[in-house]
Amino acid sequence: MELSERKIKILQTVIRTYLETGEPVGSRTISKDAGLNLSSATIRNEMSDLEEMGYIIQPHTSAGRIPTDKAYRLYVDTMLDDKTNEVQSLKEQLEEKAGKIDVLLKQVAKYLASNTNYATMVSGPRYKTKKVKFIQITPVDEESLLTVIVLDNNVVKNQMLKVSEPVEQELVVKLNFILNTTLNGLDVTEMNLAIIRQIKEQAGSHASVIDAVLELIGNALIEDDDLEIYTSGATNFLKYPELSSKTETTELLNAFEEKRIINNWLETTDAGSETHDIQVYIGNETKVESMKDCSMVTATYRIHEGVYGKIGIVGPKRMDYDKVVSTLQSLMVQLDDIFKDG
């Protein structure tokens, strides 16, 4: 069975009406709103077909129908394909309160929560890759060396190394020169065996020190730093009856605060893409059990090449997708301008 134009119009009316009211939609409502000039009996037959196709369900006997996740997915995909970019003047509002990136991102979270009436979260910037910027080995005493590693995102890692014998100052200078001239500007994928062998050959008898330093560098490049997350509007969950039971609200608030949700989004983001990757996750597509009755809309912001973060809006499955996507698209245009000028 295929979706005819008539079925699509009826389904769109069911979705739009349910988004507005949160109540099951009956055939009389459809006959008034769809503009199809069809009898209630004909509409009931079409709705029966839509139910059989998995687009709507009847929550209980004698009730109207509500959309399924499959219906929301069709609605969202169609909307995203047709949506044009409606750019609003948000840049000045953000810039006047945003001298620093953290202030800006907090303001973004607050703005989105206020304008959509949903919960929002924004991740701090993350680097697609990290590279070595500077390495400094400094003797502390006869048994210890302080190793400081500065990455290109200006994160500083330091650790004390124990050595079996004193390292002369002249050799320390040599090791610093070798490490900086060889590794500067490289990420972990570029540090191959040939480069490591070259460094060890130049270091001579103190290759064990080089081994320890290289291990520190490797760990610094691959470990994840604590991800800053800015949230706003968590109490908006209470505005929607289907999300406001005590148990469900508690679970939602706990899930909302977990960093792993943002981390999962980041891991699936193509940081090299030129688009903002606006994605809609409906119900179980979120992969978070406590959010099975929610939808999440996410977008990717980019400060410059390789530096990016995520913006997420969380609400009921009957969220106003049109408004949320339009607001996000407008925001992303303004953020592009801000980061370009920064």
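Buried means under 20% relative accessible area, exposed means over 50%, and partly exposed lies in between, with a 1.4 Å probe and protein chains only. The model is predicted: local features need pLDDT of at least 70, side-chain atom pairs count only at pLDDT 80 or more, and totals for chains, interfaces and linings use all residues. Residues are numbered from 1 along each chain as its sequence is written, and side-chain values use heavy atoms, without hydrogens or water.

**Exercise 1.** Classify Tyr321 and Tyr75 as buried or exposed.

Solution. Start with Tyr321. Its relative accessibility is 0%, so Tyr321 counts as buried. Turn to Tyr75. Its relative accessible area is 15%, so Tyr75 is buried. Tyr72 is buried as well.

**Exercise 2.** Describe the ring pairs that involve Tyr321.

Solution. Rings of Phe, Tyr and Trp (its six-membered ring) pair if their centres lie within 6.5 Å; planes under 30 degrees apart are stacked, over 60 edge-to-face, the rest tilted. The whole structure holds 3 aromatic pairs. Take Tyr72 and Tyr321: the centres are 5.9 Å apart and the planes 50 degrees, a tilted pair. Tyr72 belongs to helix 4 (residues 69-82) and Tyr321 to helix 12, so this pair joins parts 249 residues apart in sequence. Helices (H or I, at least four residues) and strands (E, at least two) are DSSP runs, numbered from the N terminus. Now take Tyr75 and Tyr321: at 6.3 Å and 65 degrees, the pair is edge-to-face. Tyr75 is in helix 4 too, so the pair with Tyr321 in helix 12 ties together parts 246 residues apart in sequence. Ring pairs thus link Tyr72, Tyr75 and Tyr321 into a cluster.

**Exercise 3.** Place Tyr321 in the largest nonpolar core.

Solution. A nonpolar core is a set of buried Ala, Val, Leu, Ile, Met, Phe, Trp, Tyr and Cys residues joined through side-chain atoms within 4.5 Å. The largest has 63 residues; Ile311, Tyr321, Leu328 and Leu335 touch the most other members. Helix 12 (residues 321-341) gives the largest share, 9 residues. A second, separate core has 26 residues, including Ile137 and Leu151.

**Exercise 4.** Work out the order and edges of the sheet with strands 5, 6 and 7.

Solution. Two strands pair if DSSP finds at least two bridges between them. The open sheet of 3 strands runs 5-6-7, with antiparallel pairing. Strand 5 (132-141) and strand 7 (156-162) each have a single partner strand, so one side of each lacks a neighbour in the sheet. Strands 5 and 6 (residues 144-151) pair over 8 bridges. Pro139 has Leu145 in strand 6 as its bridge partner.
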